[in-house]
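Q: Hi! I've just opened this one and could use a friendly tour. Can you walk me through it?

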Amino acid sequence: MLTYGLSTGGLAVATAPTPTGPWSHHEELLVPSAPIDGCPTGNIDQALFTDDDGTLYLYWGSYDVVCVSELSPDAAELTGPVTQVAQGRRMEGAFVVRHDDLYYLMYSDAGCCEGAFSGYTVKVGRSESPRGPFLDDDGVDLMAESSKGGYVLTSNGNGFAGPGHHSVVTDLAGQDWMAYHAIPTDDPDFPPVDTRNGVLNLSKRPLMIDRLDWIDGWPVVNAGAGPSSGPQPAPVTSGAVGTTFADGALDGFTADGAVALAEDRDAGPYVRLDRSSLVSTARAGGDLRAQADLRVTGPGAAAGLTLGEGAGRAVAWVDRRAGELRVEVGRGSGAVRTATDLPEGFPYGDWNVVTLDRDAAAGIFTATISADNIKDPQGTATLDTRAHGSVAATDATRATGALGTHVSVGVTTRGTADADNISLVPAAVPVTERFADPEPGELLPDSSDEFDGDVVPGDDGSGWTWVRGPADGIRLAEGAFTWPTQAAELHLGNNTASVLTRDAPDGDYLVETKLRLDGVGVNKQAGLVLYGGDDQFVKLVRSQVGLSRKPGSVSQQVEFTKEGPRPTTTPPTAVHSSPMWGAAPGGTTWLRLYAHEDVAHGEHEVRMASSTDGETWRWGGVWTLPNDKALRIGLVAMNTPGATATFDYVRTYNMP
C-alpha cells in the first residue's frame with residue numbers, strides 16, 4: 001500500500017500486489033483536505049506504523065497538531081477514534097518507531113522552508129501506547145501548551161540549516177539511521193519561480209543520512225553531535241557472508257534437499273525450498289546479525305533463519321501452523337526455545353524481514369520479524385541460553401555462543417517457503433555515550449552582572465548601555481533587574497524595542513541568565529540577545545504565543561531566532577528566521593547562549609540551551625551570523641505590554 005498527500009490537501013491510498021505495481025487508487029480519500037472531527041490540522045505529512053498486534057495506524061498533521069487513527073487492514077479507511085497526540089508551533093512530519101517495548105513519536109518542529117533561516121529540528125516523545133500520551137525527556141506531554149525538549153537532530157553550524165522531516169531505517173548490522181533533508185547555507189535557494197499565484201521561492205533540500213543512536217533510552221543523531229558534513233562510515237548494505245541471488249546462482253551456499261531458483265517481477269531471483277535447507281560455506285564470528293527475507297507459502301509450513309549447524313544450531317522460526325516466531329537452539333528433545341505469538345491474520349505468504357542477533361559473550365539470541373525493517377516489528381523473541389541448565393543447552397551455548405566461534409548462515413524449511421537477501425554481518429556496536437555539551441569555564445566578572453548593586457543597568461558606571469532606552473518601568477531591587485514588556489518589536493524594518501547591551505569578551509564565551517516572565521496573554525517575550533545591530537542578532541527568549549490551530553491558546557515557549565543578511569540577494573537584505581523552539585520553560589527559566597567564532601568560515605556560531613532548575617540543561621541548535629560585526633551581550637523585554645520580566649543575573653564565562 002502507498003499513502004500520499006494531495007497538493008490541495010488531504011491523504012489518499014493506493015494498493016498493488018507488488019511494490020512495482022500495478023497500482024489501484026481508492027476513490028475515497030483516507031483523510032479529506034479539510035480538518036476532520038477530532039483533528040484540527042493540515043492533513044499532510046502522513047506516516048504508517050504497524051503495531052505488534054497487527055493493528056495499522058496512520059499518523060498525520062501539520063501546522064501545530066499531529067493526530068493518529070487506526071486504519072482498516074487494507075488501509076482503505078480510518079477506524080476507531082481520531083486522537084490528537086502532539087501540538088506545538090509548526091509541529092509536523094511525525095514518524096513512529098518501536099524500541100525496547102516503547103513507542104517513540106519523532107517529529108519536526110518549527111519552520112521548514114526559509115532557506116538558511118529555517119529552524120527545523122527533529123524532536124521526540126515516547127509512550128507505552130501508539131496512541132500516547134507521548135512525553136519528552138523532561139516528562140512534558142507533547143499535547144502540553146508549551147515548547148518541547150527531546151532533541152534528536154538539531155543544526156550544528158556545519159553548513160546545513162533546518163534538518164528535519166525524517167524517516168528511520170535499520171541496516172544489515174542492526175544500526176539505525178535517520179534519513180532527512182537539510183538546507184545548504186552557502187547555496188540555500190532555487191531561483192524564484194513565476195506562477196499564476198505570484199512568485200514562488202523554494203529552498204534547496206538535499207537528502208541526508210546519519211547514524212541514529214539510542215542513549216539512555218532516547219534516540220539522538222550522531223550521539224548528539226548533529227548532522228555530519230564530511231565522509232562518514234556508511235550503512236551496512238551487503239553481507240560479509242550472504243547473497244541476493246541476483247546472479248541466478250547458489251554460489252557460496254550448500255543445498256540439502258529440494259532447493260530451486262525462482263523469480264518474481266518484484267523480488268527478482270530468489271530460492272524456493274521444500275523441506276530443505278540452504279547453508280553458507282563462509283562463516284563469521286563474534287557478535288552477529290543474520291537477516292533474510294522469508295515467505296512461508298505452504299499451509300502449516302515453517303521457515304527458519306539459521307546460525308550454525310548440527311547440535312548447536314540456532315534458528316529463528318516463522319511457524320505458520322503454530323502462529324508464532326520462535327527462537328530455538330539445539331535439536332531434538334534437548335533443544336531450548338522461546339516464542340512469541342504473531343498477530344491473527346499475519347501475512348505469512350508475503351515477504352517478511354527476519355533477523356537473528358547473536359550476543360556471543362552472553363549466549364543471547366534475539367529474533368524479529370517485520371514487513372519492512374523500519375522499527376515496527378510484528379514479533380520479537382529473545383532466548384538466553386545460559387538461563388537453561390540442561391546439558392543440551394550448555395552444548396548449544398558452547399557451539400553458538402562462544403565469542404570466537406565462527407558460524408554459517410542459512411535458511412531451513414518445514415514444508416514450502418521462499419527466501420531471499422540472506423546476510424550475516426558483524427553486529428553494530430551501540431554508541432552509549434553522548435557527545436559532550438558545552439560546559440562553562442571561569443566566570444568573567446567584567447562581562448557579568450548579579451544585579452545586586454545600587455547602579456541601575458544603563459546608567460553611568462553600570463557597564464550597560466541602551467539602544468532606544470532607557471525602557472519605561474525598569475527597576476533594580478532585591479537583587480534582581482525588573483523590566484515590563486514593551487509594546488515594541490525588533491523585527492526587520494520595525495525596530496522599536498529597547499535593547500540593553502554590554503561588551504562581550506574576546507574569544508569563545510557562554511552567557512547565562514535566570515529569568516521569570518509573569519503575565520497573561522500572547523505575544524510577550526523576554527530574554528538574551530547577542531546583538532550586532534538591529535538587522536544582525538541572535539535572540540533566545542522565554543515567550544508566550546498562540547497555537548494557530550487552537551484559538552485562545554497561550555503556549556509557553558523557549559524561542560530561539562536570528563536576524564541577518566540573506567547572502568543570496570544583492571545587496572544582502574535582512575531576513576528574520578523561523579524560530580527554533582527549546583524545551584518547555586518553567587516558572588523560572590534559565591537561558592544560555594554559547595558563542596563560538598568560526599574564523600575559517602567567517603561566522604559567529606551561537607548555540608542555545610535552557611533549563612528549569614539551573615542544573616539540567618537541554619541543548620538545542622545553532623544559528624550562524626557573519627562575523628563582520630562584533631556581537632554585544634544584551635537583554636530584551638518586548639512584543640506587547642502586560643508581562644514583567646525579572647532577571648536575577650547575567651553571568652558570562654570563558655570556554656575552556
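A: Happy to! This is a predicted model. Let's begin with a small open sheet of 3 strands, ordered β1-β2-β3 with antiparallel pairing.

Q: Which strands are at the edges of that sheet?

A: The edge strands are β1 (2-5) and β3 (24-25), and each of them pairs on one side only.

Q: And how many bridges join β1 to β2?

A: There are 4 bridges between β1 and strand β2 (residues 11-15), and the two run antiparallel. To pick out one pair, L2 has A14 in β2 as its bridge partner.

Q: Nice. Let me zoom out. How many helices and strands are in the protein chain?

A: The protein chain has 1 helix and 47 strands.

Q: How does its radius of gyration sit against the globule rule?

A: The radius of gyration is 29 Å, close to the 26 Å that the globule rule gives for 656 residues, so the protein chain is as compact as a globular protein of that length. Along the principal axes, its C-alpha atoms fill a box of roughly 95 × 55 × 45 Å.

Q: What share of the residues is buried?

A: 54% of the 656 residues count as buried. As for the outside, the accessible surface comes to about 26,500 Å², and 50% of that belongs to carbon and sulfur atoms.

Q: What about contacts between residues far apart in sequence: what share do they make up?

A: Among contacts with a separation of 6 or more, 62% are between residues 24 or more positions apart.

Q: Back to sheets. What is the strand order in the sheet that holds β4?

A: It is an open sheet of 4 strands in the order β4-β5-β6-β7, again with antiparallel pairing. At its edges are β4 (47-50) and β7 (78-87), each pairing on one side only. From one strand to the next, the twist averages 25°.

Q: Which residue stands opposite L56?

A: That's L71 in β6. The strands involved are β5 (residues 56-60) and β6 (residues 65-71), which run antiparallel and are joined by 5 bridges.

Q: I clicked on G88. Where does it lie?

A: G88 is in the loop between β7 and β8 (92-99).

Q: Is G88 buried or exposed there?

A: Its relative accessibility is 3%, so G88 counts as buried. Leaving aside neighbours within four places in sequence, G88 is in contact with D64, K148 and L547. As for L71, G88 is 17 residues from it in sequence and 25 Å from it in space, C-alpha to C-alpha.

Q: And E128, buried or exposed?

A: E128 has 71% relative accessibility, so it counts as exposed. E128 lies in the loop between β10 (121-127) and β11 (151-153).

Q: What does E128 touch?

A: Not counting residues up to four places away in sequence, E128 touches L102 and Y103. If you'd like a long hop across the model, E128 and D508 are 380 residues apart in sequence and 43 Å apart in space, C-alpha to C-alpha.

Q: New topic: the nonpolar cores. Which residues touch the most other members in the largest one?

A: Those are L278, V318 and L356, in a core of 41 residues. Strand β21 (residues 288-296) gives the largest share of this core, with 5 residues.

Q: What is V318 in contact with?

A: Outside its neighbours within four places in sequence, V318's contacts include L294, V296, L325, L342, Y348, V354 and I369.

Q: Which residues are in the second core?

A: The second, separate core has 35 residues, and L500, F560, M608 and W623 are among them.

Q: Why would residues like that gather inside?

A: As a general tendency, nonpolar side chains in soluble globular proteins tend to be buried together.

Q: You mentioned M608. Which residue is it paired with?

A: M608, in β44, is the bridge partner of L593. Strand β44 (residues 603-611) pairs with β43 in the antiparallel sense over 9 bridges. The two form a hairpin with 4 residues between them, and G602 in the turn has a positive phi of about 65°.

Q: Why is β43 called largely enclosed?

A: Because 8 of the 10 residues of strand β43 (residues 589-598) are buried, it is largely enclosed by the rest of the structure. Strand β37 (residues 509-519) also runs antiparallel to β43, joined to it by 7 bridges. In that pairing, Y509 has A595 in β43 as its bridge partner.

Technical notes: Residues numbered from 1 in each chain as written. Predicted model: local features only at pLDDT ≥ 70, side-chain atom pairs only at ≥ 80, totals over all residues. Heavy atoms only, no water. Buried < 20%, exposed > 50% of the residue type's maximum accessible area, 1.4 Å probe, protein only. Pairing = 2+ DSSP bridges. Core = buried A, V, L, I, M, F, W, Y, C linked by side-chain atoms within 4.5 Å. Contact = heavy atoms within 4.5 Å. Axes fitted to C-alpha atoms, helices over the stretch in contact; angles between N-to-C directions. Rg over C-alpha atoms; globule rule 2.2 N^0.38 Å. Areas by Shrake-Rupley, 256 points an atom, 1.4 Å probe, with all protein chains shown as cover.
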